[in-house]
Structure formats: C-alpha cells, structure tokens
Amino acid sequence: MTEAPAPITLPLQPGQVLDGFVLEERLHQGGMANLWKVRRETPLPDAAGQDLPLIMKVPRIKGGEDPASIVGFEVEQMILPALKGPHVPRYVARGDWRRQAYIVMEHIEGDSLRPLLDRAPLPLVEVVEIGIQVAHALTDLHLQHLVHLDIKPSNILRRADGSVVLVDFGLSRHDFLPDLLEEEFSLPIGTGPYMSPEQVQFVRNDPRSDLFALGVMLYHLATGERPFGQPASVRQLRRRLYVEPIPPRAIRPELPPWFQEVVLHCLEVRAERRYQSATQLALDLQRPDAVTLTARAHRLQRSGLVRRFKRWFLALGAEPEAPASVGAQVSRSPVIMAAVDVQSASAGLLEALRDVVQRLLLTEPGARLACVGVMKTARIGMDELTDAQGRSHHVQQLIALKNWAHPMTHGLALEDGRLTFHVLEAPDAADALIEFAARTGVEHVVIGARDGSALRRYLGSVSTQVVTQCACTVTVVREPPLPMPPAAM
Ligand SMILES: Nc1ncnc2c1ncn2[C@@H]1O[C@H](COP(=O)(O)OP(=O)(O)O)[C@@H](O)[C@H]1O
Ligand SMILES: [Mg+2]
C-alpha cells in the first residue's frame, strides 16, 4: 500500500479502466482538460454518486504548460469536495498525479452558456433570466465561503429547468482552505475579459469579484460586445481600473435604463460601489420597477478625458482594500514548511528530513504541512520545460515531493488543506523559499543541509540563507553520518 502504483498507459482510450472507472467516451477536449464520460466498473451499492451519470476531468499537462494550470488542478481537487448543493456538480472521486490526476464528478446534462455568445445580442428577457439564475448560484456558493473567480459562460452549465451549475474551480478561493495560487504566484490570475479590477491587483477573496464578472457577461450577452475587450497583457488588464466601458445603451439604445443601471452597478471599479451581494443583484433583476435609477442609468457616453485622467491617476496609487475573510477570523492552524530538494538531496538526507517533520507533526497535531520544492529556472525564459519523454518537469517534481511525503503521511488521514505540495519556479532557491514562507505565514521551516564542503562554506548555502532571513523558526537537518564499521574505531 505504501508503494506508488505504476503509472497507467497514455493516451487514455475509450474502454480503459482507471481506478474502477470505465472511460466510455471523450466529451470535451479543451486547452487545459479533457472530459470523459465514465461509469463504475462494478456498481458499489453505498458509494458516493452511484446513482449519478459521471464525468472524469483529466488535466492535459504535456509539459511547457503554465504551472498555474497544474496548481489550478490541485486547487480544484481540494475545493470541489468541500462544496455541496444544486449549483455545483457532486464530487465523487479523485486521482493523484503519481498515477494519473483526475476528478470524477456528477455529469451535468445540458450545455454551457458559451454558445450563447455567438448569438449575442440576445433578447433582454433571456439575458435577465440568466442573470437571475447565476446570481442565485453565486449566492449559494458565497454562503459556502467560496469565491469562484472565473465566472464566464463556458464555466456555467444550464439544466433543463433553467437553473445553473457552476464548474471549473481551478482559480477559486475557499476561505477555509489554503490558497495555493496566491502562495505560489505573484501574477494576476483569471480570464482577461472577466477579471475584476481587484483581481488585477491580486485580491483573491472578494465575493464581489464574481459580481463584476457576471456584469461583464450580462453586458456582452445584451450588447454583443465585450465591455473591456480581450486584453493581452497586464498593462491592458489594468486599463479597467480607469477606463469605463461604453454604456450599454450607447450600443443598443432599446435597452431600458434600469438594465444599464444594473450592469454598470456590477462593473463599478471599486467593489464597495458595486452590489454588496449576489442576492441584491438577483432582487434588482427580478424587480426592474424597483431599481433605483442613478446617473449610471442615463449615461450615454464614456466619461470625458479629464475624468478618465483623474481615475487613472487615482488608480496609480490605489490598492484595493482586501476584505477580512471569514477564514482570517477562524484561528489558523500553524503552518510547517518542509523545504525538500527532491532533485539533489541524498536518500539519507531525505529520510532524515522526513523523520524530523514527522516528529513535529506529532507534537503539533493541528498543524498544516506545506511540502515545498524549488525548480530552478533561468531569469530569461530559456528553460527546457519537459524531460526527454516530453513530461512536464513541474509535474515530475510534484510527484517526487508526493512520493517523499507518502511514507510519513499515508497513515495520517489529513483532511483537505492540511497537506499541500508546492513546486516553486524561481531562479534562486533561497529567495523563493523565504518569500513563500513569508507569504504563507509559515511558523516553522524544516530544511536540509548537505555536509559542508569548503566551497559551500565559501559560497553560503540555501539553508544558511533561509536561517538568517526567515522570520520564523528554522530547523536545519543535516545528513546523518555514514555508520562506521566497528573495526575502524
Ligand atoms: N460536471 C460537468 N458536467 C458536464 N459538463 C461539464 C462538467 N464539467 C465541465 N463540463 C464541460 O467541460 C468544459 C470544460 O470543463 P472545465 O472544468 O471548465 O475545464 P477547463 O479548465 O478546461 O476550462 C466546460 O466548459 C463544460 O462545458
Ligand atoms: Mg472552464
């Protein structure tokens, strides 16, 4: 049981059986993931979701892929089991990278909203109905302490009764689970046309970001145009901090003022000027007569250059205020970080590290363990991202980290979020580890040190740098000396 199971044959084929699930048909081939219709090989009477049609989401990581999408899959594997209710697919099972990463979940019959974009502009009643349904779904998820952060038509499925189900939690943020994306990356993450201004500025825990994205979608469905275009760079993304969209009624004058009021209310740059909850937005969409019309309803052009310049100037200095998350109020368990150089540490050192970490975990039963490895990259993007077999280096390191931790953690039944794995891509290992520890609020670092050669002492080592620069407790584990044969003593 402690051995990593053998990897399976790739590419996956119809008829193949993976962990008891028969792959029937590939339903979707996306940039990031394939979706297979699956069924259980032998029906399990008491298993979760045994009466549901099932789908398996399998990441497409060929190497060279954006590491955020690899981490995103880990995020989705962690978050989906924590969600419930009619607006998410029911979670059934998941598989590890060490064999084949996947998520099995309920198959939602019904199309996503993506095809609607080709038909936009749509009749107003249809747009409003969609807005109401998505707002209901968001209300439910926000109450479950989740911000989706990637609301867009392809991530919204519609059931026959018109109600919607949200999918694709790879960029989401759950208040009670660690935010692997924030811990590992310092780039704005999201889908360009839909990202809220605060998301562009790295805030990842504001439910009002989802209302902004929904506003973008309603604008597009009602006018046929995207309010902020298709930005291709961070600089273009930042334009939404100071350039307002063209008012919808300037594109389609037949749209009623109340609808423009609602959409522009969602698209306010500052979250505190938007609807404060999805319920409020749903209410306005349901009762147009009761919508309070403000200057937003009557605007027929973008604001003039002077106002835009003012907004641009303000945006320069303004950092959005991140809301205190519910999670922040819950006492956080201490984070222990194991810095593991799976690539070049000796077997003896790796084992010694594991021993120390295991002892710490026993003395701190509530702690979270973050296992961190660094993948060295050059400063300029000239690195080989795949090995000779075309496998992603990032995924290989992730697997190596998981294999390292396995003997220590497989008996511990740590619940989701208590054990996380991180491959940092950085030119300097010590800097990356120190930054990660600070960003994640690590309280105790365990790191290995190889025995000191003269050269290493001269140049300084990663562990020395971590000891001197980390604000928290650092335990340095040294390679155990080789046992001496008795005769030599
Ligand atoms: N549980 C599901 N049931 C039915 N269709 C789904 C389900 N999950 C995803 N899909 C479909 O597959 C597409 C891709 O899935 P998604 O999770 O969004 O992956 P990606 O990360 O590639 O965007 C979605 O746009 C949707 O059409
Ligand atoms: Mg998607």
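The expected span of a helix is 1.5 Å times one less than its number of residues. The exercises below apply to a predicted model.

**Exercise 1.** Determine what span helix α1 (residues 67–79) should have, and compare this with the distance between its end C-alpha atoms.

*Solution.* Helix α1 contains 13 residues, so at 1.5 Å a residue the expected span is 18 Å. The end C-alpha atoms of α1 lie 18 Å apart, in agreement with that value. As for its surroundings, 13 of the 13 residues of α1 are buried, and the helix is mostly covered.

**Exercise 2.** Describe the setting of strand β12 (residues 368–376) and identify the strands with which it pairs.

*Solution.* Begin with β11 (residues 335–339), which pairs with β12 in the parallel sense through five bridges. Here Val335 is opposite Arg368 of β12. Between these strands, helix α14 (residues 347–363) completes a right-handed β-α-β unit. Next, β13 (residues 419–426) runs parallel to β12 and is joined to it by eight bridges; Lys376 has Ala426 of β13 as its bridge partner. Finally, eight of the nine residues of β12 are buried, so the strand is largely enclosed by the rest of the structure.

**Exercise 3.** Identify the protein donors of the magnesium ion (ligand 2) and state whether each donor residue is buried or partly exposed.

*Solution.* The donors are Asn155 (OD1) and Asp168 (OD), at 2.1 to 2.2 Å from the ion. Asn155 belongs to the loop between β7 and β8, and Asp168 to the loop between β9 and β10, so the pair ties together parts 13 residues apart in sequence. Buried means under 20% relative accessible area. With 4%, Asn155 is therefore buried, whereas Asp168, at 23%, counts as partly exposed.

Terms used:
Residues are numbered from 1 along each chain as its sequence is written. Chains are lettered from A and ligands numbered from 1 in the order in which they are written. This is a predicted model: local features need pLDDT of at least 70, side-chain atom pairs count only at pLDDT 80 or more; totals for chains, interfaces and linings use all residues. Side-chain values use heavy atoms; hydrogens and water are left out. Helices (H or I, at least four residues) and strands (E, at least two) are DSSP runs, numbered from the N terminus. Buried means under 20% relative accessible area, exposed over 50%, partly exposed in between (1.4 Å probe, protein chains only). Two strands pair if DSSP finds at least two bridges between them. A crossover is right-handed if, with the strands pointing away from the viewer, the path from the first strand over the helix to the second runs clockwise. Donors are N, O and S atoms within 2.8 Å of the metal (3.2 Å for Na, K and Ca); water is not among the atoms, so sites may look incomplete.
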